[in-house]
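This report describes the packing, side-chain contacts and cysteine residues of one protein model. The sequence and coordinates are shown first.

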Amino acid sequence: MENRPNARISSRKKPKQARSNDLVSAILQAAVQVLSQEGAQRFTTARVAEKAGVSVGSLYQYFPNKAAILFKLQSDEWRETTNLLGDILSDTARPPFERLRALVHTFICSECEEAAVRVALSDAAPLYRDAPEALEARHADEPIIAQFMREVLPEASETIRNRAGGLIMTTMSCVGKDFSEEPRSDEEINLYADAMTEMFCAYLQRLGDKAKEPI
């Protein structure tokens, strides 16, 4: 019952008091530990409750099933990524490609630092990825990307800008996940992020030049 992809993933209720907030925080911290240590396949509400030192009944007051806990962890990660995008890409005091370089480096570093949890969340995605809440959360960063693409490619069509933004974000996410599955040194991370940035910049430069060519 708990493993159905269409299971409810919204929290039962929002914590309003400090004690409730502490309980939810303890549950989520325990969930991260269980997920990183046990993986998605062995992730259960019972293990989370035991790790958090609370009863399963207390856990169910806020999360109806394990999919809801996993979605909460994933949606928090998506929100952090969206805030990261906004902070870096919206900083118009810096040249666009410098912002892109900072974004790629920060993103790859973050992927490597939290690899175990991110990989496990990816494995658990079938439990929540098709739910309306997940679709909405996953696309929250699109306006930020669209604005950045308008700045970088002002003469390109909207179709081209959307394709470029989607390709860059998908590549960064998928390749970053694969790269982070093995322990990496700071030097490896910097070299990899530099290479990815150069690839993105060359791609955007080519699109910009092509958009300026006479029809």
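## Aromatic pair

Phe179 has a relative accessibility of 5% and therefore counts as buried. The model in which this value was computed is a predicted one. Tyr192, by contrast, is partly exposed, because its relative accessibility is 30%.

The count of aromatic pairs in the model comes to one. Its members are Phe179 and Tyr192, whose ring centres lie 3.9 Å apart with the planes at 15 degrees, so the pair is classed as stacked. Phe179 belongs to helix 9 (residues 158-179) and Tyr192 to helix 10 (residues 186-212); the pair therefore ties together parts that are 13 residues apart in sequence.

## Nonpolar cores

The largest nonpolar core comprises 31 residues. Within this core, the residues with the most contacts are Leu35, Phe43, Val48, Phe63, Ile69, Leu70 and Tyr128. Two or more residues each are contributed by helix 1 (18-38), helix 2 (45-52), helix 4 (66-89) and helix 6 (115-124). Helix 1 supplies the largest share, with eight residues.

Ile69 illustrates the packing in this region. Leaving aside residues up to four places away in sequence, Ile69 is in contact with Leu28, Ala31, Phe43, Thr45, Val48, Leu59 and Phe63. A second core, separate from the one above, has 28 residues, among them Leu85, Met149, Ala164 and Cys201.

## A buried lysine

Where in the fold is Lys66 placed? Lys66 is part of helix 4. Its relative accessibility is 7%, below the 20% limit, so this lysine counts as buried. The Lys66 side chain comes to 3.3 Å from the backbone oxygen of Phe43. Phe43 is itself one of the residues with the most contacts inside the largest nonpolar core.

## Helix 5

Helix 5 covers residues 96-113, a run of 18 residues. The distance from its first C-alpha to its last is 26 Å, close to the 26 Å expected at 1.5 Å a residue.

The buried positions of helix 5 are Arg99, Leu100, Ala102, Leu103, Val104, His105, Phe107, Ile108, Ser110, Glu111 and Cys112. Which helices do the buried residues of helix 5 pack against? Their partners are helix 4, helix 6, helix 8, helix 9 and helix 10.

## Cysteines

A disulfide is a covalent bond between the sulfur atoms of two cysteines. The model holds zero disulfides. Why is Cys174 without such a bond? The closest cysteine sulfur, in Cys112, is 15 Å from that of Cys174, which is too far for a bond. Cys174 is partly exposed, because its relative accessibility is 43%.

Cys201 is likewise in no disulfide, and the nearest cysteine sulfur, that of Cys109, is 17 Å away. With a relative accessible area of 9%, Cys201 is buried. Cys201 is also a member of the second nonpolar core.

## A loop residue

Ser157 is located in the loop between helix 8 (142-152) and helix 9. Its relative accessibility of 35% falls between the limits of 20% and 50%, so Ser157 counts as partly exposed. How many residues apart in sequence are Ser157 and Lys72? The two are 85 residues apart in sequence, and their C-alpha atoms are 36 Å apart in space.

Notes: Residues numbered from 1 in each chain as written. Predicted model: local features only at pLDDT ≥ 70, side-chain atom pairs only at ≥ 80, totals over all residues. Heavy atoms only, no water. Core = buried A, V, L, I, M, F, W, Y, C linked by side-chain atoms within 4.5 Å. Buried < 20%, exposed > 50% of the residue type's maximum accessible area, 1.4 Å probe, protein only. Helix = DSSP H or I, 4+ residues; strand = E, 2+ residues; numbered from the N terminus. Contact = heavy atoms within 4.5 Å. Polar contact = N/O pair within 3.5 Å; in protein donor to acceptor, adjacent residues only side chain to side chain. Disulfide = S-S within 2.5 Å. Phe/Tyr/Trp six-rings, centres within 6.5 Å; stacked < 30°, edge-to-face > 60°. Expected span 1.5 Å × (residues − 1).
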